[in-house]
Amino acid sequence: MTTYTTAWKSPSNIALVKYWGKKPEGIQIPSNSSISFTLKNCATTTKLTLVEQADLEITVLLEGNQEPGFVPKIEQFLHRISGVFPFVLNGKYTVDTSNSFPHSSGIASSASGMSALALCICDIAKEKGLLAEEDFKQTASILARLGSGSASRSIYGPMGQWGEHPDYRGSSDEFAIPYTDIHSVFTDFCDTILLVHRGQKTVSSTVGHGLLKDNPYATARFAQAQENMIAMKSILKSGDLDAFIALVESEALTLHSLMMSSSPYFILMKPNTLKIIESIWAKREKDAVKWCFTLDAGANVHFLYPQADQAAAKAFIEKELAQYCENGAFIHDEVGMGAERL
Ligand code: DP6
């Protein structure tokens, strides 16, 4: 009976061109390609202990406390990845996990959580002689994807790209790849997450993806995303911030318009989400700053700005935006370099 212990810290990420919709064939295959900034501060740390045994047994600790609510998701994950590593179904797991951001902050923890767990499993596979070092990260990204699509991109910094696209060499629907062909303005771009609503989302991402099946705009959207990936590629290289702003904000609003045009329809933005967007637009109009927003599948706003503007942007957050956040809460983050072994 062998015991394996390993620990990884893996970050969250924020997509610029969004993954929203899965192909009907395969497991967790995206309908379009996506690209994200990997974050630095918002991360999950997971320590995994696996004792080999015939049965599958899972204990999850969140911030040191038993969290049985997470067990079904992890069990489903282990079943999905057992196609890659059959050993994962025979063991007693203790998943000891903690987030750098407050629990129930409304920040999706699936990208950081699933990527951290995937990396831990890969460590064990490597120790068992089932995984070579040169395949390590790609395999971790495959496993992370099977846990949560966006998690595939968290393995790498400063950016991760996922989903086959003719203009992104080496891209694949099965795993993300690191994306580094970017202008220096983006290598340390800032993202302050404005916590508008800390409660549970009314519709999960997984359910939201599924609703695209019957959305009449879905086909046009998938084609648009593939086009936007081409535009994004040259924007990232040139550092053209006006074009960046236009594309990133359009992607965010398109994502939410897909939610509003699904059946059943739903809205994840809150009144204060719109207040923040209007404030950013007014500020841009007035002072010609190169600041913008994006959204993930929730009410929180990701406020994006160049590192060089940090002092002014932070003053603007305190003065104008914090009033729209629940309990005035926000988290300063920036582009980071991906997951690390502890
Ligand atoms: C809006 O990766 O959370 O954040 O694959 O079902 O786990 P599942 O969904 P998830 O969806 C993320 C959607 C998004 C956009 C993005 O990150 O690309």
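Modeller: A word on terms before we start: rings of Phe, Tyr and Trp (its six-membered ring) pair if their centres lie within 6.5 Å, and planes under 30 degrees apart count as stacked, over 60 as edge-to-face and the rest as tilted. This is a predicted model, where local features need pLDDT of at least 70, side-chain atom pairs count only at pLDDT 80 or more, and totals for chains, interfaces and linings use all residues. Residues are numbered from 1 along each chain as its sequence is written, and side-chain values use heavy atoms, with hydrogens and water left out.

Colleague: Happy with that! Which residues form one aromatic cluster?

Modeller: Phe37, Phe186, Phe189 and Phe244 do.

Colleague: What makes the pair of phenylalanine 189 and phenylalanine 244 edge-to-face?

Modeller: The centres are 5.4 Å apart and the planes at 70°, so the pair meets the 6.5 Å limit and the angle passes 60 degrees. Both residues are buried, that is, under 20% relative accessible area (exposed is over 50%, partly exposed in between; 1.4 Å probe, protein chains only).

Colleague: And why are tryptophan 8 and phenylalanine 136 called stacked?

Modeller: Their ring centres lie 5.9 Å apart with the planes at 25°, so the pair is stacked. Tryptophan 8 and phenylalanine 136 are buried too.

Colleague: How do you know that arginine 341 lies over the face of phenylalanine 136?

Modeller: The rule asks for NZ of Lys or CZ of Arg within 6 Å of the ring centre and within 35 degrees of the ring normal. Arginine 341 is at 5.3 Å from that ring centre and is counted as lying over the face. Likewise, the charged end of lysine 233 sits over the ring of tyrosine 168, 5.7 Å from its centre.
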